[in-house]
Amino acid sequence: MVSFDVRHYPSLGSTNDEAMRLAREGAADGTVVHADEQTAGRGRFARRWSSPPGNLYLSIVLRPGVPLSRWPEISFIAALAVADAVEAMLPNQLRATLKWPNDVLLRDGKIAGILLEQATDALILGIGINVLEAPPGTPASTIVGSGGLASVDGMRGKLLGALAGWLDIWQQDGFAPIRTAWLTRAHPPGTRLRLTLGERVVEGSFNDIDEAGALIIDTDEGRLRYTAGDVAAA
Ligand code: BTN
């Protein structure tokens, strides 16, 4: 099982950048860069990730030991770990839901973001969780605003514990149990989705994710498969 070595900073530009730098210097699998705030936090598609103090911002150096083509599977592992950690901090009845490829939602707002980047021979897994502060301008949820109780360090402990568990399952049994667990917490088949891919927008009904984690949707042009894109409810 992976063991985590946490380096905690008061402030960084982006924890992904620092983790990337450490990875290029040879940092071990499981090195964690945690910052109380980020001054240049970033999200998918080069969006800004608002990062004031009060939320969790961390990036993990992973050396997955599987071919590069399988690294995207880790975004589903991360989403499951985030969902577990979030639910552990919330009143019993509240459940996190998942949206392809790796969004974690709570009460229809985004509670966390996950950003995977490649650093030559390592994968940088960046995760932000809204503990106290919701970014302005987007439908977002927070743990505290949803009636949960969490310190940022407590959230980090839960997240790393859950991540170690899911990585272990993946290393033992491959992607199949990850896919099954992800599907039980994701939008049900038939959910209308809008996928944006650069300039292209595709609307359709969610069908499945395949054995590689690609999105399968039914559209007017037939059943299509996507490995990248930004998904919203249609
Ligand atoms: C998304 O667009 O949903 C992904 C957001 C990822 C944000 C996290 S916060 C920690 C790490 N450092 C960054 O600069 N980004 C990721």
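**Close-up views of a two-domain model**

**View 1. Charged and polar links between the two domains.** The count of salt bridges between domain 1 and domain 2 is three. Keep in mind that the model behind all these views is predicted. The domain assignment puts residues 5-184 in domain 1 and residues 187-233 in domain 2. Zoom in on D230 and R44 and you'll find their side chains paired in a salt bridge, with N to O at 3.6 Å. Polar contacts turn up as well: eight residue pairs make them across the interface of domain 1 and domain 2, counting pairs with both residues at pLDDT 80 or more. On the domain 1 side that touches domain 2, β4 (96-99) and α4 (176-185) each chip in at least two residues. The largest share, three residues, comes from α4. Sort that side of domain 1 by class and you get eight nonpolar residues, four charged ones and no polar ones.

**View 2. How much the domains bury between them.** Pull back a little and the C-alpha centres of domain 1 and domain 2 sit 23 Å apart. Twelve residues of domain 1 are in contact with 18 residues of domain 2. Together the domains bury about 1200 Å² between them, and carbon and sulfur atoms give 57% of that area. On the domain 1 side, K99, W100 and R179 are the trio to look for: they supply 52% of the area that domain 1 buries against domain 2, more than any other three residues.

**View 3. Around the ligand.** There are 19 residues around the ligand, and S14, Q38, R42, R44 and K110 come nearest. Q38 has a polar side-chain atom 2.9 Å from a ligand nitrogen. T15 does much the same job for the eye, with a polar side-chain atom 3.0 Å from a nitrogen atom of the ligand. R44 uses its backbone here: one of its polar backbone atoms is 2.7 Å from a ligand oxygen. The side chain of R44, meanwhile, is the one that meets D230 in a salt bridge.

**View 4. A cis bond at W100 and P101.** Here's a detail worth zooming in on: the peptide bond joining W100 and P101 is cis, with omega at about 0 degrees. Most peptide bonds are trans. P101 has its place in the loop between β4 and β5 (103-106). W100 should look familiar, since it is one of the three residues named above for the area that domain 1 buries against domain 2.

**View 5. A positive phi at A46.** Look in the loop between β2 (31-38) and β3 to find A46. Its phi is near 60 degrees, a positive value in a residue other than glycine. Most residues other than glycine have a negative phi.

**View 6. V66 and its partners.** V66 is found in the loop between β3 (56-62) and α2 (73-88). Set aside its neighbours within four places in sequence, and V66 is in contact with W71 and W170. Q171 is 105 residues from V66 along the chain, yet their C-alpha atoms are separated by 9.2 Å.

Conventions:
Residues are numbered from 1 along each chain as its sequence is written. This is a predicted model: local features need pLDDT of at least 70, side-chain atom pairs count only at pLDDT 80 or more; totals for chains, interfaces and linings use all residues. Side-chain values use heavy atoms; hydrogens and water are left out. Domain bounds come from an automatic or database domain assignment. Contact means heavy atoms within 4.5 Å. Buried area is the accessible area (1.4 Å probe) that two parts lose on being put together, summed over both. A salt bridge is a side-chain nitrogen of Lys or Arg within 4 Å of a carboxyl oxygen of Asp or Glu. A polar contact is a pair of N or O atoms within 3.5 Å; within protein, one must be able to donate a hydrogen and the other to accept it, and residues adjacent in sequence count only if both atoms are side-chain atoms. Helices (H or I, at least four residues) and strands (E, at least two) are DSSP runs, numbered from the N terminus. Ala, Val, Leu, Ile, Met, Phe, Trp, Tyr, Cys and Pro count as nonpolar, Asp, Glu, Lys and Arg as charged, and the others, Gly among them, as polar. A residue is near a molecule or strand if one of its heavy atoms lies within 4 Å of it.
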